[in-house]
Amino acid sequence: MLSIKTWITLLSLGIASVSSQSGECQGITDAKAIDECYMKVALDYALIHNPGFPFGALIVDHTKNDISCYGANSNKKNKLLHGETAAFWNCTELYPSPTNDDMFNPGLDWSHQTLYTTGEPCPMCASQSIYRGVARVVWGTSIPDINKSGRQQIMINMHDVVGSARMGANLPNTEVPVLEGGILKDECDKAFWCAFAPFRDDAYHASMNAQGNQDYIKDRDARFNCRAKEQHDEL
């Protein structure tokens with residue numbers, strides 16, 4: 001659990017505010033329900049902090065069932081700070097190495113951490129997950145679905161990035177994260193579909209029609225009411 005002093009530091013950095021939802025997640029014991037609870041926190045955080053690009057992330061200590069830090073895609077200062085990147089950066093700021101050696105003595109035991117993210121990590125963030133050493137990565141919707149919602153993506157999935165990880169001399173890397181996608185997928189799909197509506201221009205529709213994806217658009221439009229305002233827990 002983060003100390004009051006740490007939370008004040010967190011707030012001063014504009015990273016996050018205290019969430020009652022994190023406490024609710026702590027009371028859950030079912031593994032799937034825990035994943036869904038934390039994904040809901042990540043999605044709410046993204047929709048509050050950057051609803052136009054709802055890429056939200058949490059890093060959770062799964063041995064304590066407690067949130068270590070938050071991150072959201074904020075294009076205000078640096079568009080390279082994707083939600084996952086921001087969460088990793090925030091954790092290193094909040095938990096610096098006690099010996100100023102983040103390589104060999106980080107402030108967090110990263111093997112105890114799970115990354116939750118509303119969208120499947122792009123190759124950049126997927127690589128960071130490997131290098132940072134998280135034990136597990138859980139996401140909501142997929143790279144193809146984000147792309148079909150209207151936003152550019154690098155069409156390399158996280159499973160392929162993890163599969164390409166090698167140690168020296170091309171030895172297998174056995175310390176890669178366990179992967180699981182599709183947690184609260186419909187909720188995350190809706191967030192991206194509604195957020196990326198401005199990008200679905202004539203060229204988008206022409207390409208989707210040429211690929212035979214008319215039914216995909218019809219299904220999303222029928223299921224996701226983007227005009228309805230939703231309440232999101234303050235984070």
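User: Before we start, what do buried, exposed and partly exposed mean here?
Analyst: Buried means under 20% relative accessible area, and exposed means over 50%. Keep in mind that we're looking at a predicted model. Anything in between those two cut-offs is called partly exposed.

User: Okay, so is D102 buried, exposed or partly exposed?
Analyst: D102 has a relative accessible area of 34%. Buried needs under 20% and exposed needs over 50%. That puts D102 in the in-between class, so the label is partly exposed.

User: Which side chain does D102 meet in a salt bridge?
Analyst: The bridge has an N to O distance of 2.9 Å. The pair links distant parts of the chain, 30 residues apart: D102 sits in the loop between α4 and β3, while the partner is in helix α5. That partner is buried, at 16% relative accessible area. The residue is R132.

User: How many residues line the largest pocket?
Analyst: That pocket holds about 670 Å³ of space. Q128, I130, Y131, R132 and G133 lie nearest its centre. Its lining splits into 10 nonpolar, 8 polar and 5 charged residues. The lining count is 23 residues.

User: Which element gives the most to that lining?
Analyst: The elements giving two or more residues to the lining of the largest pocket are α4 and α5. The top contribution is 5 residues, and it comes from α5.

User: Why is α4 said to be largely enclosed by the rest of the structure?
Analyst: Helix α4 covers residues 83-94, and its span of 16 Å is close to the 16 Å expected. Among its buried residues are G83, F88 and L94. It's called largely enclosed because of its buried count, which is 9 of the 12 residues.

User: Over in α10, how far apart are the closest N and O atoms of R220 and D189?
Analyst: R220 lies in helix α10 and D189 in helix α8, so the pair ties together parts 31 residues apart in sequence. R220 is buried at 6% relative accessible area, and D189 is buried too, at 4%. Their closest N and O atoms are 3.4 Å apart.

User: Which other residue's side chain meets R220 in a salt bridge at 3.1 Å?
Analyst: R220 belongs to a network of salt bridges that also includes D145, K185 and R223. The residue you want is in that network as well, and it counts as partly exposed at 30% relative accessibility. It's D219.

Technical notes. Residues numbered from 1 in each chain as written. Predicted model: local features only at pLDDT ≥ 70, side-chain atom pairs only at ≥ 80, totals over all residues. Heavy atoms only, no water. Helix = DSSP H or I, 4+ residues; strand = E, 2+ residues; numbered from the N terminus. Expected span 1.5 Å × (residues − 1). Buried < 20%, exposed > 50% of the residue type's maximum accessible area, 1.4 Å probe, protein only. 1 Å grid on protein atoms, 1.4 Å probe; cavity = no way out; pocket = protein on both sides within 12 Å on 5 of 7 lines; lining within 4 Å. Points joined across faces, edges and corners; volume = space filled by probe spheres on them. Nonpolar A, V, L, I, M, F, W, Y, C, P; charged D, E, K, R; others polar. Salt bridge = Lys/Arg side-chain N within 4 Å of Asp/Glu carboxyl O.
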